[in-house]
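Ready for a few exercises at the structure viewer? Have a look at the model first, then try each task before reading its solution.

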Amino acid sequence: MEQPVTPFAPRAASSLATDPLRSCTSEPCATALPLCSISADSAIAAATGIGELDRVLGGGLVAGSVTVLGGEPGVGKSTLVLQALASLASKGRTSMLIAAEESGEQVRRRAERLGTAVDGCYVLATTDLDAVIFAAGRLEPSVLVVDSIQAVSDSACGSQAGSPSQVRECASRLVRHAKSLGVATLLVGHVTKDGALAGPRTLEHIVDTVLSFDGDRHQALRLLSASKHRYGPTGELGLFEMTETGLRGLVDPSALLLGDRRHGVPGSIAVPVLEGRRPLIIEVQGLVGPQTSAAPRRVAQGVVAGRLALLLAVLERRCHVALAGSDVFVSTVGGLRVSEPAADLGIALALVSAVTGIPVGREVVACGEVGLAGELRRVQATERRLAEAARLGFRRAVVPQSAPEGPMELELLRAGTLLEAVRLLFGVVPAARSRPRTEIGGGPELSDGRDVRTLVRTPPSLVS
Ligand code: TYD
Ligand code: MG
């Protein structure tokens with residue numbers, strides 16, 4: 001058996017006099033261990049039994065780890081943690097919930113609504129951090145949840161609950177407690193309007209894992225992802241449906257995302273997006289109407305507004321689709337927020353479909369980034385996106401020229417530019433409006449003064 005190595009052996013007095021490390025060299029101050037002698041067992045994740053949560057955590061909760069679960073009010077954080085605690089308790093693990101925003105009765109009522117077993121699940125309704133530490137030290141649960149970190153306070157800190165210094169102090173004490181007793185600790189945290197965790201930014205550095213729980217409160221879909229994870233990967237995505245009886249994991253979310261899609265309606269297209277490492281096919285909708293107020297309206301729901309503005313400019317200048325005097329609405333269905341440029345092509349084609357009145361075929365997906373020159377760019381993980389589209393029964397995909405081969409069942413419609421993609425899908429060549437050639441930018445499609453609305457009449461083979 002190898003002996004521990006002491007890195008700082010005592011030195012001679014003469015060398016200590018000039019050694020910048022002398023303050024810690026008079027005595028051995030640390031003992032390094034051979035890596036092979038250190039147990040890795042303590043970092044093994046224990047499954048919570050909530051499949052989608054375990055997927056994001058890379059297996060489950062690790063003893064002594066501290067996780068923040070952030071999300072907007074009403075998204076379902078308290079529901080998720082209660083389901084997780086009940087599931088853990090049902091496996092014989094003692095769990096403890098600190099209800100700092102609700103009474104014990106409210107928690108019990110929620111548990112009854114969820115139909116969860118409550119044996120082995122302890123609740124303490126308090127906002128006093130000393131009481132939390134004392135009770136957790138006495139019960140020694142394997143999992144401790146504090147709901148929420150903004151609602152508890154340390155009397156020694158002086159400032160108000162929820163203030164940056166309180167949140168930092170309470171989180172630091174809970175981290176020390178978690179590490180010393182080996183309690184897996186989950187801190188529920190509120191987020192600010194821009195989606196950041198409320199409180200000091202240092203909170204994210206103090207803890208081991210930061211989870212975000214997202215979704216539109218008016219929709220059933222909920223997304224769980226990790227932005228930081230010391231015990232596993234951060235690319236996983238967990239999907240839930242909020243039901244009358246709590247959160248239900250969605251192994252195959254397509255039914256929820258595409259279930260209500262109506263076919264033969266202009267302005268709708270299916271787009272494969274990547275959430276974490278998971279490809280999802282979502283519906284993107286566009287609607288174009290006459291301008292109804294002094295300035296044309298641009299409404300982007302689930303799509304970054306700046307991205308929509310860029311696509312409108314490219315449609316206008318490179319494809320001659322005139323939308324400057326129209327109200328434009330774009331929406332992702334299901335409450336999903338899409339920020340990746342891979343959805344550019346789908347959004348642009350949905351708008352062309354809306355403006356021309358020609359529906360996109362139900363078996364068509366589109367994915368690709370649109371550049372300012374109107375060129376289509378390949379996006380990351382195209383193969384995985386196309387494989388998912390094929391799995392769900394889609395048969396044609398509009399992709400950039402440089403896209404890799406897709407699955408056998410999928411016919412690829414390759415286009416170098418957005419204009420070519422419009423031509424491929426709708427069977428038309430939009431013509432420029434009558435403007436000076438220099439202003440439009442030149443190109444073979446230049447023209448006779450008509451815009452796409454006057455040109456498109458005959459639905460080609462690809463449209464339903
Ligand atoms: P909650 O978990 O309290 O959200 P948070 O802690 O993030 O504020 O959930 C709030 C919403 O979820 C509330 O509007 C009611 C709804 N809900 C359901 O639809 N089904 C359920 O079974 C539960 C418990 C809540
Ligand atoms: Mg809550």
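The exercises below go through the sheet, the helix packing, the ligand shell and two backbone details of this predicted model.

**Exercise 1. Work out the strand order of the open sheet of 9 strands, and find which strands stand at its edges.**

Solution. Start with the order, which reads 5-4-6-7-3-8-9-10-11, with mixed pairing. Next, look at the two ends: strand 5 (121-124) and strand 11 (246-249) each have a single partner strand, so one side of each lacks a neighbour in the sheet. From one strand to the next, the twist averages 25 degrees.

Now zoom in on one pair. Strand 6 (residues 143-147) and strand 7 (residues 184-190) run parallel and are joined by 5 bridges. Within this pair, V146 stands opposite L187 of strand 7.

**Exercise 2. Find the strands that helix 3 and helix 4 lie across, then classify how the two helices are oriented to each other.**

Solution. Take helix 3 (residues 77-90) to begin with: it lies across strands including strand 3 (66-71), strand 4 (95-99) and strand 8 (209-214), and runs at about 160 degrees to strand 6. Helix 4 (residues 104-114) lies across strand 4, strand 5 and strand 11, at about 125 degrees to strand 4.

Then compare the helix axes, which come within 11 Å and cross at roughly 75 degrees. That angle makes helix 3 roughly perpendicular to helix 4, because 65 to 115 degrees counts as roughly perpendicular. Finally, list the contact: S78, T79, L82, Q83 and A86 of helix 3 meet V107, R110, A111 and L114 of helix 4. By class, these residues are 5 nonpolar, 3 polar and 1 charged.

**Exercise 3. Describe the shell of residues around ligand 1.**

Solution. Ligand 1 is surrounded by 15 residues, and the closest are G76, K77, S78, T79 and G246. Helix 3 and helix 4 are the elements that give two or more residues to this shell. Sorting the shell around ligand 1 by class gives 4 nonpolar, 7 polar and 4 charged residues.

**Exercise 4. Are helix 5 and helix 6 roughly parallel or roughly antiparallel, and how are helix 10 and helix 12 oriented to each other?**

Solution. Helix 5 (residues 129-139) and helix 6 (residues 164-181) have axes 11 Å apart and pack at an angle of about 10 degrees. Helix 5 and helix 6 are therefore roughly parallel. Their contact brings L129, I133, A136 and G137 of helix 5 to C170, R173, H177 and L181 of helix 6, with 5 nonpolar, 2 polar and 1 charged among these residues.

For the second pair, the axes of helix 10 (residues 344-356) and helix 12 (residues 418-426) come within 11 Å and cross at roughly 55 degrees. Helix 10 and helix 12 are therefore oblique, and their crossing is right-handed. The contact is made by L345, A348, L349, V352 and T356 of helix 10 with L418, A421, V422, L425 and F426 of helix 12. These residues divide into 9 nonpolar, 1 polar and no charged.

**Exercise 5. Where are the cis peptide bond and the positive phi of E140?**

Solution. The cis peptide bond joins D147 and S148, with omega at about 10 degrees. S148 is in the loop between strand 6 and helix 6. As for E140, its phi is positive, about 50 degrees, although E140 is not a glycine. E140 belongs to the loop between helix 5 and strand 6.

How values were computed
Residues are numbered from 1 along each chain as its sequence is written. Chains are lettered from A and ligands numbered from 1 in the order in which they are written. This is a predicted model: local features need pLDDT of at least 70, side-chain atom pairs count only at pLDDT 80 or more; totals for chains, interfaces and linings use all residues. Two strands pair if DSSP finds at least two bridges between them. Helices (H or I, at least four residues) and strands (E, at least two) are DSSP runs, numbered from the N terminus. Axes are lines fitted to C-alpha atoms, for helices over the stretch in contact, and angles run from 0 to 180 degrees between N-to-C directions. Two residues are in contact if their C-beta atoms, placed from the backbone, lie within 7 Å. Angles under 35 degrees count as roughly parallel, over 145 as roughly antiparallel, 65 to 115 as roughly perpendicular and the rest as oblique. A crossing is left-handed if the near helix is turned anticlockwise from the far one by less than a right angle, and right-handed if clockwise. Ala, Val, Leu, Ile, Met, Phe, Trp, Tyr, Cys and Pro count as nonpolar, Asp, Glu, Lys and Arg as charged, and the others, Gly among them, as polar. A residue is near a molecule or strand if its C-beta atom, placed from the backbone, lies within 6 Å of it.
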